[in-house]
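I opened my notebook today to look around one protein model. These are my entries, in the order I made them.

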Amino acid sequence: SSNRSPGQQADPLETTDEHEDNDTRSRTGAAPEKDERRRDAILRVISWTAIVAVCHVLGNIADLVGVPAPHLLAALLVGVVVALLGRAPGKMPRHLNRSSQAMVGVLMGGYLAPDALRSVTDYLAPLALVTVGTVALCVAAAVVLPRLSALTRSDSVLGMVPGGSAAIIACADELDADARTVAFMQYVRVA
């Protein structure tokens with residue numbers, strides 16, 4: 001093809017090779033991209049599985065030592081180390097993220113017992129006052145933080161607002177806030 005002079009005829013074998021190359025490219029052009037996405041997905045699953053396993057083992061060790069909220073703090077520590085090493089596997093797939101949050105929500109709701117509600121009825125006024133004070137303090141901090149740091153307002157508000165951490169982190173995804181920053185702030189605030 002490009003090695004021929006203007007009057008020279010094409011070699012039939014050369015033409016066939018060119019057609020075969022084009023056919024091969026058209027048949028396999030999408031395959032490498034699909035294989036790469038599949039490989040990335042498998043690596044992400046393996047990474048998340050390893051992280052969960054390490055969190056579980058370290059949480060059990062922390063529990064034996066007597067650390068409060070051992071699995072929560074172990075997972076937070078593992079997450080910080082993984083992020084600082086630049087080994088974060090990326091976002092958890094959305095359906096797994098939401099399923100995990102739903103499971104945590106059900107577990108948290110399951111802790112509420114009618115006896116617990118009856119036991120606080122005599123202390124509703126102080127309890128309400130402390131709750132309102134806590135919310136006010138967190139909102140004030142959330143308003144000040146973006147002015148003193150690189151945090152966005154949404155990250156700051158969601159990171160400081162008291163409540164169910166899992167629900168707040170779910171809101172971060174829905175409100176285009178940085179869910180990792182919000183999660184970190186929530187768990188450090190709770191710890």
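**Entry 1: the overall build**

I began by counting elements, and I found 9 helices and 0 strands in the protein chain. Reading from the N terminus, I wrote the order down as α-α-α-α-α-α-α-α-α. I reminded myself that this is a predicted model. Next I looked up burial: of the 191 residues in the chain, 16% count as buried.

**Entry 2: the largest pocket**

I then turned to open spaces. The largest pocket has a volume of about 1800 Å³. How many residues line the largest pocket? I noted 43 of them, and Trp48, Ala75, Met92, Ala183 and Tyr187 lie nearest its centre.

I also wanted to know which helices take part. At least two lining residues each come from α2 (30-65), α3 (70-84), α4 (94-110), α8 (165-174) and α9 (179-190). Helix α3 supplies the largest share of this lining, with 10 residues.

Sorting the pocket lining by class gave me 29 nonpolar, 9 polar and 5 charged residues.

**Entry 3: the cavity**

My next search was for cavities. Over the whole structure, I found 1 cavity of 30 Å³ or more. The space in the largest cavity is about 40 Å³. Its lining is made by Arg94, Asn97, Arg98, Gln101, Ala170, Asp173 and Glu174. The elements giving two or more residues to that lining are α4 and α8. Helix α4 gives the most, with 4 residues.

What classes make up the lining of the largest cavity? I listed 1 nonpolar, 2 polar and 4 charged residues.

**Entry 4: a look at Gln101**

One of the cavity-lining residues is Gln101, so I stopped there. Gln101 sits in helix α4. Is Gln101 buried or exposed? Gln101 counts as buried because its relative accessibility is 16%, and the cut-off for buried is under 20%.

I also checked a partner for Gln101 along the chain. Gln101 and Ala167 are 66 residues apart in sequence, yet their C-alpha atoms are 7.0 Å apart in space.

**Entry 5: salt bridges**

Before going on, I wrote down a general idea: side chains of opposite charge can pair when their charged atoms come close. My count here came to 2 salt bridges.

One salt bridge joins Asp40 and Arg39, with 3.9 Å between the closest N and O atoms. That fits the rule I used, which asks for a side-chain nitrogen of Lys or Arg within 4 Å of a carboxyl oxygen of Asp or Glu. Asp40 is partly exposed because its relative accessibility is 34%. Arg39 is partly exposed too, with a relative accessible area of 47%.

Another salt bridge joins Asp115 and Arg118, where the closest N and O atoms are 2.7 Å apart. How are Asp115 and Arg118 placed in helix α5 (residues 114-120)? They are 3 residues apart, so about one helical turn separates them. Both Asp115 and Arg118 are exposed.

**Entry 6: a nonpolar patch**

Last, I looked at the surface. Val54, Val57, Leu58, Ile61, Leu64, Val65 and Val67 make a nonpolar surface patch of about 630 Å². I picked Val57 for a closer look, and found it in helix α2. Val57 counts as partly exposed because its relative accessibility is 46%, while exposed would need over 50%.

Terms used
Residues are numbered from 1 along each chain as its sequence is written. This is a predicted model: local features need pLDDT of at least 70, side-chain atom pairs count only at pLDDT 80 or more; totals for chains, interfaces and linings use all residues. Side-chain values use heavy atoms; hydrogens and water are left out. On a 1 Å grid over the protein atoms alone, a cavity is a set of points where a 1.4 Å probe fits but cannot get out, and a pocket is an open set with protein on both sides within 12 Å along at least five of seven lines; lining residues have an atom within 4 Å of a point. Grid points are joined across faces, edges and corners, and a volume is the space filled by probe spheres set on the points. Ala, Val, Leu, Ile, Met, Phe, Trp, Tyr, Cys and Pro count as nonpolar, Asp, Glu, Lys and Arg as charged, and the others, Gly among them, as polar. Patches are made of residues with over 30% relative accessible area and no salt bridge: like charges are joined within 9 Å, nonpolar side chains (Val, Leu, Ile, Met, Phe, Trp, Tyr) within 5 Å. Accessible areas come from the Shrake-Rupley method with a 1.4 Å probe; for residues, only the protein chains shown count as cover. Buried means under 20% relative accessible area, exposed over 50%, partly exposed in between (1.4 Å probe, protein chains only).
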